[in-house]
Amino acid sequence: MRHLFTFTLILFPFICAAQGNFYWQQQQGANGNLLGGSLSAGVNDNSAIFYNPGALAFTETPNVSFTSDLIGYTIVDIKNGAGDGIHIKMNTMETKPQMVAGTAFKLDKKNFKVTYAIINLLNSKQEYNSQNIGIDPESNALYEGYFNYKSSVRNDRFAVGTTFRVNDKLGIGITHFVDIKNAQITNNTNQTWSNNNEITNYHIDYKNVRFNQVSILWKLGVAWLVNNNFNLGFNFETQDIRLPFLSKSNLIRTLDTKDEQGNIHKVVSSQEKIYSKYKHPFTADINLGYHTNKSEISCRIGYFGPIDRYGIFGMKDEQSVFAPQNVEFGQYWVANKQIVNIAIGFKNRLFDKINLLSGFRTDFNNLDDRKINPTQENILSYEYWDLYHISSGVEWFGPRFNVIAGIVSDLGFSKGDPQLVNLNARPYKELNDINYNTEAMYLQFNLVFGITYHFKDRTQL
């Protein structure tokens with residue numbers, strides 16, 4: 001316990017930095033990352049606190065572990081994303097921690113174990129920019145359009161997991177999570193039309209959100225070693241219970257226009273310290289594992305329940321003299337589809353102390369665009385594409401250390417989604433015309449590193 005506390009204090013300063021439309025975008029622990037997250041039954045390291053707390057029953061020794069993305073590089077290209085023939089592109093490079101965890105128990109009383117963890121579920125920074133200058137073919141007016149979308153999104157969990165080893169083949173456990181979500185999103189679109197250096201029309205739409213939410217939830221897990229070669233795992237994660245006094249956000253939206261009749265309009269929605277109401281779905285996982293002396297293959301199937309359309313903020317009455325007639329003018333909307341994801345992992349003994357790890361997992365976009373109109377309503381994320389994760393790496397293990405390193409590649413593609421914005425030179429009357437002809441490509445590479453230190457020499461057990 002003393003070693004765990006010291007280790008956590010050393011690493012805690014580094015655990016600092018869009019709610020995305022994905023559930024499996026980030027896996028936990030080096031094994032979890034490189035085996036596609038297919039660990040719900042066979043995992044016997046600290047990442048079990050996230051995947052299946054029942055599997056903690058089979059942890060060998062008290063230990064501490066740390067996992068991080070040493071380098072992550074992301075490429076996004078959205079063809080026609082800002083208008084016909086106008087691309088939106090983004091390249092980013094970053095590093096981010098994933099998990100610090102430790103398991104404590106007495107070797108002579110190993111039926112009961114406690115695990116602590118600080119987990120980073122999401123740490124994403126994005127910025128999309130685009131601009132266009134042209135001549136409106138209908139009126140010969142000079143058109144200038146600018147678009148900027150910037151987001152910084154983070155989701156952390158503080159976890160305590162307890163497990164009980166019923167017998168040599170069965171473990172049950174529960175993980176208690178405190179879930180913390182933070183986001184800052186700015187979306188600014190500026191369009192003007194002018195003749196002879198005189199502005200005839202303009203449309204300026206500015207949005208800024210500072211989102212904060214704290215909630216609690218639980219994961220229940222069962223791990224069953226059916227025989228020497230086959231294991232099963234089941235786990236369920238509850239919907240979250242929001243802590244209102246810690247879940248308050250601010251938002252502002254301003255809309256300035258000058259229409260074709262020369263009328264100038266201004267609308268302002270300003271909301272401070274309003275309640276956040278983001279919802280986490282009910283989830284269920286089943287994991288099957290088969291292993292021999294030198295290899296192990298596992299499969300994970302994850303179910304995520306649907307969430308009907310809702311606004312994530314408890315809006316108050318507007319105070320500005322330019323307040324909108326409808327309080328939903330500044331509201332942000334969410335609707336989640338029912339999703340089933342799958343993951344496959346493979347581990348093979350290459351040499352005496354070296355394993356090869358590889359994995360694949362799906363990560364389907366959960367936005368239900370049948371219940372939300374993203375061209376007319378405020379949404380948190382423009383990520384419409386489905387993701388596919390491919391991973392590979394190696395593990396070295398000794399009496400006291402496990403060291404794992406590898407690469408995770410994330411691929412995403414989507415066609416026919418609405419444009420993020422239309423910056424084509426066109427008449428003001430076509431201001432709200434949006435086409436559904438985008439082609440998105442998402443590519444990310446992450447170099448993953450993880451290390452586990454065991455307080456007892458495993459060869460002496």
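Visitor: Leaving aside neighbours within four places in sequence, which residues is Ser 276 in contact with?
Guide: This is a predicted model. Ser 276 sits in the loop between strand 10 (264–275) and strand 11 (283–291). With neighbours within four places in sequence set aside, its contacts are Phe 211, Asn 212, Gln 213, Arg 242, Ser 247, Lys 248, Ser 249, Ile 312 and Phe 313.

Visitor: Is Ser 276 buried or exposed?
Guide: Residues under 20% relative accessible area count as buried. Ser 276 has 0% relative accessibility, so it is buried.

Visitor: Which side chain makes a polar contact with the side chain of Ser 276?
Guide: Ser 249 is among the residues in contact with Ser 276. The two side chains also make a polar contact, at 2.5 Å. The partner is Ser 249.

Visitor: How many helices and strands are there in the chain?
Guide: One of the helices is helix 3, residues 48–51. One of the strands is strand 5, residues 170–195. The full count is three helices and 19 strands.

Visitor: What is the radius of gyration of the chain, and what does the globule rule give for 461 residues?
Guide: The chain is as compact as a globular protein of that length, because the two values are close. The radius of gyration is 25 Å, and the rule gives 23 Å.

Visitor: What box do the C-alpha atoms of the chain fill?
Guide: The box is taken along the principal axes. Its dimensions are roughly 85 × 45 × 40 Å.

Visitor: What share of the 461 residues is buried?
Guide: Ser 276 is one buried residue, at 0%. Thr 115 is another, also with a relative accessible area of 0%. Over the chain, buried residues make up 54%.

Visitor: What share of the accessible surface belongs to carbon and sulfur atoms?
Guide: The accessible surface of the chain comes to about 20600 Å². Carbon and sulfur atoms account for 56%.

Visitor: How far apart do the centres of the positive and negative side chains lie?
Guide: The chain has 43 positive side chains and 42 negative ones. Each set has its own centre, and the separation is 11 Å.

Visitor: Is Lys 181 buried or exposed?
Guide: Lys 181 lies in strand 5. The cut-off for burial is under 20%. Lys 181 has 4% relative accessibility, so it counts as buried.

Visitor: Which side chain makes a polar contact with the side chain of Lys 181?
Guide: Lys 181 is a buried residue. Its side chain has a polar contact of 2.6 Å. The partner is the side chain of Asp 179.

Visitor: What separates the C-alpha atoms of Lys 181 and Asn 155?
Guide: Along the chain, the two residues are 26 residues apart. In space, their C-alpha atoms are separated by 4.5 Å.

Visitor: What phi does Asn 140 have?
Guide: Asn 140 is in the loop between strand 3 (112–135) and strand 4 (142–165). Its relative accessible area is 56%, so it is exposed. Although Asn 140 is not a glycine, its phi is positive, at about 65 degrees.

Visitor: Where is Lys 273 found?
Guide: Lys 273 is not a glycine, yet it has a positive phi of about 55 degrees. Lys 273 is exposed, with a relative accessible area of 60%. Its place is strand 10.

Visitor: Which residue is joined to Thr 115 by a polar contact of 2.8 Å between side chains?
Guide: Thr 115 belongs to strand 3. Neighbours within four places aside, its contacts include Asn 46, Ile 49, Leu 56 and Thr 103. The polar contact is with Thr 103.

Visitor: What separates the C-alpha atoms of Ala 48 and Thr 175?
Guide: Ala 48 is in helix 3. It counts as buried, at 0% relative accessibility. Ala 48 and Thr 175 are 127 residues apart along the chain, and their C-alpha atoms are separated by 9.4 Å.

Visitor: Which side chain makes a polar contact with the side chain of Asp 256?
Guide: Asp 256 lies in strand 9 (residues 248–258). It has a relative accessible area of 18%, so it is buried. Its contacts beyond four places in sequence are Tyr 202, His 203, Ile 204, His 265 and Lys 266. The polar contact, at 3.2 Å, is with Lys 266.

Definitions and conventions
Residues numbered from 1 in each chain as written. Predicted model: local features only at pLDDT ≥ 70, side-chain atom pairs only at ≥ 80, totals over all residues. Heavy atoms only, no water. Helix = DSSP H or I, 4+ residues; strand = E, 2+ residues; numbered from the N terminus. Buried < 20%, exposed > 50% of the residue type's maximum accessible area, 1.4 Å probe, protein only. Polar contact = N/O pair within 3.5 Å; in protein donor to acceptor, adjacent residues only side chain to side chain. Contact = heavy atoms within 4.5 Å. Rg over C-alpha atoms; globule rule 2.2 N^0.38 Å. Areas by Shrake-Rupley, 256 points an atom, 1.4 Å probe, with all protein chains shown as cover. Lys, Arg positive; Asp, Glu negative; His and termini not counted. Charge placed at Lys NZ, Arg CZ, Asp CG, Glu CD.
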